[in-house]
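Me: Please take a close look at one part of this model for me: the places where its pieces meet. I would like the contacts explained in plain words, together with any backbone details worth a glance.

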Amino acid sequence: MRRSTLIGGSLVVVFFLAAWLIKGAGASGESPYYSAFLITLAAFLTLAVFSFLYADNPVYKFAEHLFVGVSAAYWMVLGFWQTLVPNLIPRISRALSEQLELEYIDELWNVLYVIPVVLGILLLLRLSRKLGWLSRYAVAFIVGTTAGLNFIAYTRSNFMAQISSTFLPLVGDWTSWAAFVDNLSLSATGPLALLMANIVVVLGVVCGLIYFFFSREHSGTFGMASRLGIWILMITFGASFGYTVMGRISLLVGRMTFLLRDWLGIIAS
Amino acid sequence: MQQKHFWRFVIGLALMTMATALGQSEADPPVSDTLAVADTAAISVPAPLPVTNLIARDKPNDRGYGISLSWDLSPDDTGGTQSVLGYRIMRSTTPDGPWDSINVAGSGDALYDHIGPRHEGDSGYFPDHTDMYYRVDVLTADPGVAVSSGVVGPVQSRGQWFNTARTVVFLFMIAFCGLVIWFVTHARRGKDLYVRPLAGIEAVDEAVGRATEMGKPILYLCGLGDAAEVPTIASFTILGRVAKRVAEYQTQIIVPCRDPIVMTVAQEVVKTAYSDAGRPDSYNPDSVFFLTIEQFAYVAGVNGIMLRDKPATNVYMGKFYAESLIFAETGTMAGSIQIAGTDEIPQIPFFFVACDYTLIGEELYAASAYLSREPVLLGSLKAQDYAKAAIIVFAILGFLATNVSALGGPEWLAGFVDLFQVRE
């Protein structure tokens with residue numbers, strides 16, 4: 001370990017201990033030093049991740065490895081105790097259920113649950129050099145069944161719903177041309193805006209789909225429609241970008257609120 | 001032989017559909033006359049007239065455990081004394097009770113679907129193929145005043161093999177599968193199916209060459225999706241191509257995975273690519289590895305790899321979510337060439353602003369066909385183009401039909417529009 005890393009690491013530890021003790025001294029409740037430790041740790045880890053904005057550094061590396069390691073272990077334990085054990089054991093074994101203090105229900109017993117157990121074991125055989133090829137059957141089953149099930153869902157949502165979403169009336173409440181012209185306004189909810197919006201939707205869907213034609217060259221009229229399609233897509237992406245950036249800023253506000261209110265107590269709760 | 005099996009399947013399907021239809025017609029209960037039983041205790045509001053024409057039948061197009069009820073409103077609901085507050089649905093296993101209160105429908109409601117849980121032991125469970133009896137009580141502001149309808153039944157719930165509300169979806173699926181089989185067969189016979197060039201994919205070879213010249217690795221991410229998701233499957237095909245080039249140029253590839261099953265498939269893909277390139281011994285099993293399943297922990301890990309290993313090229317293909325910009329920004333900081341492709345619409349703009357090449361949505365699927373030139377993928381790509389053409393045609397026809405119908409056009413136009421409505 002380099003000397004500068006050692007000094008930097010020691011300074012961080014000293015700062016952490018000082019911040020913890022100061023926070024603990026000012027905290028109230030049943031176990032002030034314990035809750036102060038958790039808040040200070042969370043704040044230091046937040047700052048460690050933020051330090052990446054300057055450059056890669058040992059403090060960020062520490063936070064990164066801690067995060068990756070803890071999350072991998074956490075999800076494995078969670079998957080075992082919250083998915084595998086409660087869903088499988090009460091359905092296949094009374095003895096194991098009693099061992100794990102789970103309620104065994106006779107009616108739930110189902111031999112079909114042996115199939116996922118076998119598939120799971122096949123996946124784990126990946127660890128064996130000789131039998132690793134058996135895991136392909138489990139993967140093929142998972143990929144095949146999910147793709148088949150999704151086929152119906154996608155046909156409905158991406159095909160049928162896409163078609164029916166373009167069945168739009170040009171004019172919401174049609175009575176006559178005179179009435180339409182009389183009610184014409186530039187209001188966002190007015191008939192003119194509705195008319196324009198519905199035309200853009202239909203035109204956008206048609207031209208957007210033309211852009212995604214791959215088996216034909218985009219030239220001539222077809223190419224013009226395709227170019228219009230990519231324009232519409234780009235405008236949509238621009239709007240989506242701005243909208244999502246606003247969402248990300250709210251996440252930053254959340255972190256800053258944690259640091260300034262929960263940790264430092266600078267802003268009132 | 002295949003054709004014989006197909007016709008057997010079709011005949012079997014037709015027989016099952018007929019059997020279901022016959023069974024359903026037997027289950028339809030007769031419409032009972034109503035019988036008003038007024039609770040005369042403590043009347044402070046006038047007793048309303050009961051509902052009439054109560055009908056209970058098996059809920060159609062479901063997986064069982066559902067009964068549909070319909071009735072004519074009490075004359076005192078919208079007119080008369082207007083004393084109706086709601087309708088209480090009552091159920092029993094015998095015509096004489098005891099009765100269980102199922103739910104209360106609001107005043108003005110003349111329909112109710114009683115859908116029970118599927119598992120015995122759950123509250124409100126009722127088994128399929130069991131006689132049930134129903135009645136509807138008219139409720140008023142005075143809890144003591146409730147007027148019951150006559151009892152209808154017996155009625156049984158049952159599941160249907162075929163959801164007739166999705167017949168159009170079924171027909172489109174058959175048509176699409178037919179198109180895929182047709183074009184795949186043509187492609188296998190050697191017919192050249194044109195796929196227009198995609199800039200992002202043309203750049204892959206260039207990017208691998210750059211990595212070789214620089215002596216740096218290539219980082220490939222399959223996204224955060226499961227192995228069975230369409231973009232992840234497309235990503236595997238592109239990974240195969242990239243890994244083959246990597247093997248040919250004797251450079252290095254790094255594939256950190258978020259999903260253990262994705263990792264398993266990716267290992268197989270990379271291994272096969274090395275074998276196809278004639279260099280099976282160069283394959284390093286550790287080049288494809290599991291990082292973690294937690295989204296942002298995975299991001300932190302990948303960012304670390306980007307900054308420490310400084311890959312010459314980063315390829316992001318698959319399903320990406322909020323981490324897309326973090327990856328792309330870190331890759332830019334590390335000075336890598338970046339090629340991205342995803343069908344997640346909200347993430348495409350982030351890749352656009354930070355990557356050198358971006359595949360938009362379906363271009364990702366087309367890329368896998370373009371690279372592999374496999375007849376199955378080329379055929380399905382061509383079939384997808386025909387499906388898109390069908391969407392355009394039906395969208396325009398439906399749009400015209402909607403507007404002509406709104407202007408007082410013939411009734412069949414409204415029927416055409418109704419064909420495409422998505423129903424449960």
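**Where the pieces meet**

Reply: Happy to! Let's begin inside chain A, where domain 1 and domain 2 bury about 680 Å² between them, with 78% of that area on carbon and sulfur atoms. Buried area here is the accessible area (1.4 Å probe) that two parts lose on being put together, summed over both. This is a predicted model, in which local features need pLDDT of at least 70 and side-chain atom pairs count only at pLDDT 80 or more, while totals for chains, interfaces and linings use all residues. Residues are numbered from 1 along each chain as its sequence is written, chains are lettered from A and ligands numbered from 1 in the order in which they are written, and side-chain values use heavy atoms, with hydrogens and water left out.

The two domains of chain A span 3–134 (domain 1) and 170–263 (domain 2), bounds that come from an automatic or database domain assignment. Their C-alpha centres lie 42 Å apart. Domain 1 of chain A gives 10 residues to the contact, and domain 2 of chain A gives seven; contact means heavy atoms within 4.5 Å. The rule finds zero salt bridges across this interface, a salt bridge being a side-chain nitrogen of Lys or Arg within 4 Å of a carboxyl oxygen of Asp or Glu. There are, however, three residue pairs in polar contact there, both residues at pLDDT 80 or more. A polar contact is a pair of N or O atoms within 3.5 Å; within protein, one must be able to donate a hydrogen and the other to accept it, and residues adjacent in sequence count only if both atoms are side-chain atoms.

On the domain 1 side of that interface in chain A, α1 (3–26) and α2 (32–50) each supply at least two residues. Helices (H or I, at least four residues) and strands (E, at least two) are DSSP runs, numbered from the N terminus. The largest share of this side, eight residues, comes from α2(A). By class, the side holds seven nonpolar, two polar and one charged residues. Ala, Val, Leu, Ile, Met, Phe, Trp, Tyr, Cys and Pro count as nonpolar, Asp, Glu, Lys and Arg as charged, and the others, Gly among them, as polar.

Next comes the interface between the chains. Chain B and chain A bury about 6000 Å² between them, 73% of it on carbon and sulfur atoms. Chain B puts 70 residues into this contact and chain A puts in 58. The count between the chains is four salt bridges, among them one joining the side chains of B:Arg308 and A:Asp56 (3.0 Å, N to O). The rule also finds 19 residue pairs in polar contact across the interface of chain B and chain A, again with both at pLDDT 80 or more. Elements of chain B that give two or more residues to the side touching chain A include α3 (167–188), α7 (295–309), α10 (363–372) and α11 (375–406). The largest share of that side, 16 residues, comes from α11(B). The chain B side divides into 46 nonpolar, 12 polar and 12 charged residues.

One residue to look up in helix α11 of chain B is B:Asn403. Leaving aside its neighbours within four places in sequence, B:Asn403 is in contact with A:Leu168, A:Pro169, A:Leu170 and A:Val171. Its side chain reaches the backbone oxygen of B:Phe399 at 2.9 Å. B:Asn403 counts as buried because its relative accessibility is 14%; buried means under 20% relative accessible area, exposed over 50%, and partly exposed in between (1.4 Å probe, protein chains only).

Helix α10(B) is mostly covered, with eight of its 10 residues buried; among them are B:Glu363, B:Ser368 and B:Tyr370. B:Arg373 follows α10(B) and has a positive phi, near 55 degrees.

That brings us to backbone angles. Most residues other than glycine have a negative phi. B:Lys310, though not a glycine, has a positive phi of about 45 degrees. B:Lys310 sits in the loop between α7 and β13 (313–319) of chain B, and it counts as partly exposed because its relative accessibility is 34%. B:Asn53 has a phi near 55 degrees, also positive, and lies in strand β2 (residues 52–58) of chain B.
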